[in-house]
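Please open the model in your viewer and keep the selection panel at hand. The tour goes from one selection to the next and says what is found at each stop.

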Amino acid sequence: MLRFRVALSAVVLTSIALASTAGAHVHAFKFGEMPDGQMVKVYTMKSNNGAYVEILTLGATLRKVEVPDKDGNVADVVFGFDNVADYLDADKNQYFGVVVGRYGNRIAGGKFSIDGEEYQLATNDGPNHLHGGGDQALSRQVWKAKRFESEDNTERGVKLWYVSPDGEENYPGEVTISVTYTLNDKNELRIDYEATTDKATVLNLTNHAYFNLRGAGSDTINDHEIMINADRYTPVDDTLITTGELAPVEGTPLDFREFHAIGERVDEMGEGEGAGYDHNFVLNREGAEQGELTVAAVLRDPKSGRQLTVKTDQPGIQFYGGNFLKGQEGKDGKTYAYRSGLCLETQIFPDSPNKQGEEGWPNAVLRPGETYRHVQEYDFGLVE
Ligand code: BGC
């Protein structure tokens, strides 16, 4: 009995300590364990402006983003799970909030070559390679992490590292990667990616969060409105591999240069499994310097008044409309129905490794001595 009381009061004391240091500070807790016993941690942080964010060391995952609506009511606007087993269940976890890589999106036939040397990756999406492959993809690794807070308490975050060994998922080179999440008091969540390699390789990292600004688990995104700052997109074949063309959006249901409701023209995108919005857009970045952030897309929900502005220094963005979602159960018993969430993945263009040297296609190769850099910023606010 005595032992029980001592244990209990320790728990009470710990939670009092945590509560009194709450506010804008970053905390780390145990989230769960990998099948081999490795601990998965969750980092929690708050802004001084009503936002609350959680990051997992498994997959450098963005697990939770709570932000206020126009009346000050807070809701969680991203998809996720309550335990490690669900995150590792490849059928359920369609890359919810994870960092995908080494090569985010598709590589045709899982093949590419660098300097005349051919590489064969896993074909985990029909005939193609998707989001870094199988069990050793970056989204399934436990990353090292360290929290930080600015002295003036206006921004805070967590930096995660992972060293991917040469040959992991058949990608060449030992690649050292860092992903840093920073939340400031404007409720801007910035993700900085950096990587180096000891052998020429291909790399395309991005965050795969699914958003529903009315609250994750709401039944549709059809009435969200979106603007995408792109005059062109990269058409795909029936296995979703880019054809090499950079085609105008003008006159197509992919013209989002002005705001449109997502549901307005989605039926014009065809029928059948996976049909709908799942395209890479060629961002309008004329005049922007390398590394300069420009607005890629703005998503808004007229009902809640929540708005998300996506900024990046990358040449492309994948707008994926949740066409493969299947009603799986996630956090807090919420279910994620067909087209009830969307991803805005800043990136280089899908299958770029097989389009090197073609006009308008970005470099996909990272060489020793170079540093890969990518900024993906999610700014949460209200519709003006
Ligand atoms: C792709 C989709 C794919 C999904 C997997 C997206 O990035 O564009 O085609 O089905 O990821 O969750």
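Begin by selecting the lining of the largest pocket, whose residues divide into 11 nonpolar, 14 polar and 11 charged, where Ala, Val, Leu, Ile, Met, Phe, Trp, Tyr, Cys and Pro count as nonpolar, Asp, Glu, Lys and Arg as charged, and the others, Gly among them, as polar. This is a predicted model, in which local features need pLDDT of at least 70 and side-chain atom pairs count only at pLDDT 80 or more, while totals for chains, interfaces and linings use all residues. Residues are numbered from 1 along each chain as its sequence is written, and side-chain values use heavy atoms, with hydrogens and water left out.

A pocket here is an open set of points on a 1 Å grid over the protein atoms alone, where a 1.4 Å probe fits, with protein on both sides within 12 Å along at least five of seven lines, and lining residues have an atom within 4 Å of a point. Of the 36 lining residues, Tyr 95, Arg 106, Asn 124, Asp 125 and Leu 130 lie nearest the centre of the largest pocket.

Next, select the ligand, which takes up the space of the largest pocket (more than half of its atoms lie within 2 Å of the grid points). Among the 13 residues that surround the ligand, each with a heavy atom within 4 Å of it, show Arg 106 and Glu 345: a side-chain N or O atom of Arg 106 is 2.8 Å from a ligand oxygen, and one of Glu 345 is likewise 2.8 Å from a ligand oxygen.

Key:
Polar contact = N/O pair within 3.5 Å; in protein donor to acceptor, adjacent residues only side chain to side chain.
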